[in-house]
Amino acid sequence: MITREEIANVLDHPVYDGDGNKIGDAKHVFFDDMTGRPEWVSVKTGMFGSNESFVPIRDASLVQDRLEVPYRKDQVKDAPNVDVDAGGHLSETEEHRLYDYYGINWDSVLSEAERTDDGRWAAGTGTAGAAGAAGMAGGTTGYQDAQDRTGTRDDAMTRSEEQMHVGVERRESGRARLRKYVVTEEVQQTVPVSHEEVRVEREPITDANRDQALSGPEISEDEHEVTLHEERPVVDTETVPVERVRMTTEERTDNETVRGQVRKERIEAETEAITDDDTRRGRK
């Protein structure tokens, strides 16, 4: 159980469930009007702490710099939304809803409060017990108001306002991949080719070739064959590496305007004039 002395170590500190999952940050602590003990803590959950859920802290414990509660993270985030009045007070009806949601027996809460009240009477603090009984009808009160009741009130009001805290979250926005596939292209290239053709050459009989011309028979049949050649284009393919391709990511920073609503308290002074008629009635 969390004591009053430990409240400073709870506010604005992280709250975890029993499985070690962070639920959010503790925002406010509410005290039971009768027992005066810390009873609830409101936890900021959701993106940028946009939601606030109530969690019982009667069975919570402080572990180092965080508060651990025996409830699952999703159970806390789905807790019913309750209204807190302008004085930071949680009504009995709202508190009853929360007890039912977390499976806490309302009668056991009343019995515990009555036992605490009896102890006060036994200690001789009857006025505190009476005030506690009256307060029980109203539920629980926020940390600031409970602190005021323990000391001397002054004439000053505390003005509070909400502040918007904007952060960023990293999420997956898409995927890119490299895919290699094969295409067939028509390639045209001109290459020179040569071939042999037959050309008949005739030369007259001269003194230089006469002996060679008369070396054969005078009249006969003969045949002489020449082999012709030609070139034809031959196509062959060879696979060669031409480049290497890879993907990298480049981070770019843009400015994006975020708009939200925050509530602010205003304090104004009101004066009321006293008329002569009021003065005369007072004299009577």
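How accessible is Asp25: buried, partly exposed or exposed? At 32% relative accessibility, Asp25 counts as partly exposed; here buried means under 20% relative accessible area, exposed means over 50%, and partly exposed lies in between (1.4 Å probe, protein chains only).

**Before starting**

The model is predicted: local features need pLDDT of at least 70 and side-chain atom pairs count only at pLDDT 80 or more, while totals for chains, interfaces and linings use all residues. Residues are numbered from 1 along each chain as its sequence is written, and side-chain values use heavy atoms, with hydrogens and water left out.

**The whole protein**

Display the complete protein as a cartoon. Seven helices and eight strands are present; helices (H or I, at least four residues) and strands (E, at least two) are DSSP runs, numbered from the N terminus. Of the 284 residues, 23% are buried. The protein exposes about 24100 Å², of which carbon and sulfur atoms supply 45%; these areas come from the Shrake-Rupley method with a 1.4 Å probe, and for residues only the protein chains shown count as cover. Among contacts (heavy atoms within 4.5 Å) with a separation of 6 or more, residues 24 or more positions apart account for 61%.

**First stop: a salt bridge at Asp25**

Select Asp25 together with Lys22. The two residues form a salt bridge, with their closest N and O atoms 3.5 Å apart. The term requires a side-chain nitrogen of Lys or Arg within 4 Å of a carboxyl oxygen of Asp or Glu. Lys22 is partly exposed, at 39% relative accessible area. The structure holds 14 salt bridges, and two others are visited later.

**Second stop: aromatic rings**

Rings of Phe, Tyr and Trp (its six-membered ring) pair if their centres lie within 6.5 Å; planes under 30 degrees apart count as stacked, over 60 as edge-to-face and the rest as tilted. This rule gives five aromatic pairs. Select Phe30 and Phe54: the ring centres are 5.2 Å apart and the planes stand at 50°, so the pair is tilted. Phe30 belongs to strand β2 (residues 22-32) and Phe54 to strand β4 (residues 51-56), so the pair ties together parts that are 24 residues apart in sequence. Both Phe30 and Phe54 are buried.

Next, select Tyr101 and Tyr102. Their pair is edge-to-face, 5.1 Å from centre to centre and with 85° between the planes. Tyr101 is partly exposed, with a relative accessible area of 30%, whereas Tyr102 is buried at 7%. Extend the selection to Trp40, Tyr71 and Tyr99: ring pairs link these residues with Tyr101 and Tyr102 into a cluster.

**Third stop: a charge over a ring**

Select Tyr16 and Arg66. Arg66 lies over the face of Tyr16, at 4.1 Å from the ring centre; a charge sits over a ring if NZ of Lys or CZ of Arg is within 6 Å of the ring centre and within 35 degrees of the ring normal.

**Fourth stop: positive phi angles**

Select Asp12, in the segment before β1 (14-16). Asp12 has a positive phi of about 65° although it is not a glycine, and its relative accessible area of 60% makes Asp12 exposed. Then move to Gln64, in the loop between β5 (61-63) and β6 (66-68). Gln64, also not a glycine, has a positive phi of about 55°. Gln64 is exposed, at 77% relative accessible area.

**Fifth stop: the loop between α5 and α6**

Select Met164, in the loop between α5 (143-150) and α6 (210-213). Met164 is partly exposed at 42% relative accessibility. Add Val166, Val258 and Val262 to show a nonpolar surface patch with about 310 Å² of accessible area together. Patches consist of residues with over 30% relative accessible area and no salt bridge: like charges are joined within 9 Å, nonpolar side chains (Val, Leu, Ile, Met, Phe, Trp, Tyr) within 5 Å.

Val193 also lies in the loop between α5 and α6, and is partly exposed at 46% relative accessible area. Leaving aside neighbours within four places in sequence, Val193 is in contact with Glu231, Arg232 and Pro233. Val193 and Glu230 are 37 residues apart in sequence and 7.6 Å apart in space, C-alpha to C-alpha.

**Last stop: two further salt bridges**

Select Arg159 and Glu161, whose side chains meet in a salt bridge (3.4 Å, N to O). Arg159 is partly exposed at 41%, and Glu161 is partly exposed at 37%. Finally, select Glu250 and Arg252, whose side chains meet in a salt bridge (3.4 Å, N to O). Glu250 is exposed at 63%, and Arg252 is exposed at 66%.
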